[in-house]
Amino acid sequence: MTLITFAPTQVLAGLSAAEGNGFHPPTLSEFFPGQLFGAGTWWGPSRINLIGLLMAGLLALFFVSAFRKPGVVPGRLQMLGEMGVTFVRSQIIDEVIGKQGRRFLPYLVTLFFMVFVLNIAGVLPTLNMAGTAVIGVPMFLAGVSWLVFNVVGVQTHGLGGYLRNNLFPPGVPKPLYLLLTPIEAISTFVLRPVTLTIRLMANMMAGHLMLVLFFAASSYLLFEAQPALKPLGVAAVAMGFAFTLFEILVAGLQAYIFTLLTALYIGGAMSEAH
Amino acid sequence: MNEESDEAAREISRGDSVVFSVMGTLIAGPALYGLVGFGVDTLAGTSVFVPIGIVVGFALSLYIVYVRYGRD
């Protein structure tokens with residue numbers, strides 16, 4: 001039922017973008033809207049920043065209300081909150097790190113729901129933009145995850161031990177270390193946060209571009225093109241619906257993957273039993 | 001019995017972590033040595049060192065994967 005309200009919003013957005021003269025496909029300028037106020041300053045927010053702030057505020061509001069007065073018999077909000085926390089704890093932490101990973105539950109729950117809520121803003125009516133579709137938020141979250149797994153590794157093994165575990169694979173003739181250690185250094189310390197960032201951002205950016213394309217195409221085909229193309233417009237709307245469902249799936253999946261990989265890196269840094 | 005199935009599940013997920021580490025290594029090797037080859041090419045004016053660097057990097061990555069995960 002709510003999906004029926006999504007499409008008209010997207011179509012209307014496509015209409016205003018099209019302006020009645022030719023088809024305007026989405027471009028990368030989608031992701032660089034102007035600052036809404038404080039133009040020219042470093043803090044002036046764009047539409048995307050405000051969406052991120054709004055979704056983060058809603059998320060905080062939800063969790064604070066859910067756990068404000070916890071009872072042994074939970075109310076509905078508390079039960080929802082508990083389901084969320086239990087999902088991360090049993091499906092991600094216990095599976096990947098084990099019981100000693102429980103101390104990372106606050107960070108991983110926050111990470112999962114932050115990414116999920118920002119991603120889902122990409123399909124919400126009137127927002128239509130994922131907070132994670134621009135590189136700042138994924139980069140920051142990946143940076144924090146990088147800090148966490150490195151600090152955990154150094155705490156568990158000491159700086160020398162941690163570096164030795166990661167940079168020097170055992171059982172290799174000594175001169176080869178000169179060639180192998182740079183590869184290991186890059187793959188552990190550079191590639192992990194980079195792939196976390198790019199995976200999340202690219203998925204959300206591509207999904208947004210596809211959604212705008214489908215709905216701009218449907219508004220153009222339905223309202224401005226030759227009448228013979230109208231059935232194509234209907235097909236474009238149907239594809240838009242289907243892709244919206246797919247984007248909801250991708251939003252959850254990308255949140256899960258980001259959190260799972262962070263947990264894997266943390267678990268790997270803690271154990272290192274190579 | 002619960003502990004055993006927990007351990008088994010963790011073994012499988014550590015298999016996941018192996019996949020991502022292997023993937024990271026296999027990307028990092030050719031990328032790094034391709035870049036080194038590119039630097040050599042720019043300095044020497046040739047154009048042959050980029051592919052040589054990529055192949056050498058890939059071979060080294062395969063060696064790392066074998067050393068870390070192949071020998072048990």
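**Exercise 1.** In this predicted model, decide how A:Leu105 should be classed: buried, exposed or partly exposed.

*Solution.* Count the neighbours first. A:Leu105 has 14 other C-beta atoms within 10 Å. Next, apply the cut-offs. Buried needs 20 or more, and exposed needs 12 or fewer. The count lies in between, so A:Leu105 is partly exposed.

**Exercise 2.** Place A:Leu105 in its helix, then find which residues A:Leu105 touches beyond four places away in sequence.

*Solution.* Start with the helix. A:Leu105 belongs to helix 4 of chain A, residues 105-120. Now list the contacts, leaving out residues up to four places away in sequence. A:Leu105 touches A:Val88, A:Arg89 and A:Ile93. Then compare sequence with space for A:Thr86. A:Thr86 and A:Leu105 are 19 residues apart in sequence, and their C-alpha atoms are 9.6 Å apart.

**Exercise 3.** Work out how the span of helix 6 of chain A compares with the expected value, and where the helix kinks.

*Solution.* Take the length first. Helix 6 covers residues 177-223, which is 47 residues. From first C-alpha to last, helix 6 reaches 65 Å. At 1.5 Å a residue, 69 Å is expected, and the span is close to that. Now look for the bend. A kink of about 45° lies at A:Leu191, shortly before the proline A:Pro193.

**Exercise 4.** Describe the side of chain A that touches chain B: which helices supply it, and what kinds of residue?

*Solution.* Begin with the totals. Chain A contributes 19 residues to the contact and chain B 18. Next, the helices of chain A. Helix 3 (76-96), helix 6 and helix 7 (230-271) each supply at least two residues. Helix 6 gives the most, with nine. Last, sort the chain A side by type: eleven nonpolar, five polar and three charged.

Technical notes. Residues numbered from 1 in each chain as written. Chains lettered and ligands numbered in written order. Predicted model: local features only at pLDDT ≥ 70, side-chain atom pairs only at ≥ 80, totals over all residues. Expected span 1.5 Å × (residues − 1). Bend = angle between axes of the 7 residues up to and from the residue. Contact = placed C-beta atoms within 7 Å. Nonpolar A, V, L, I, M, F, W, Y, C, P; charged D, E, K, R; others polar.
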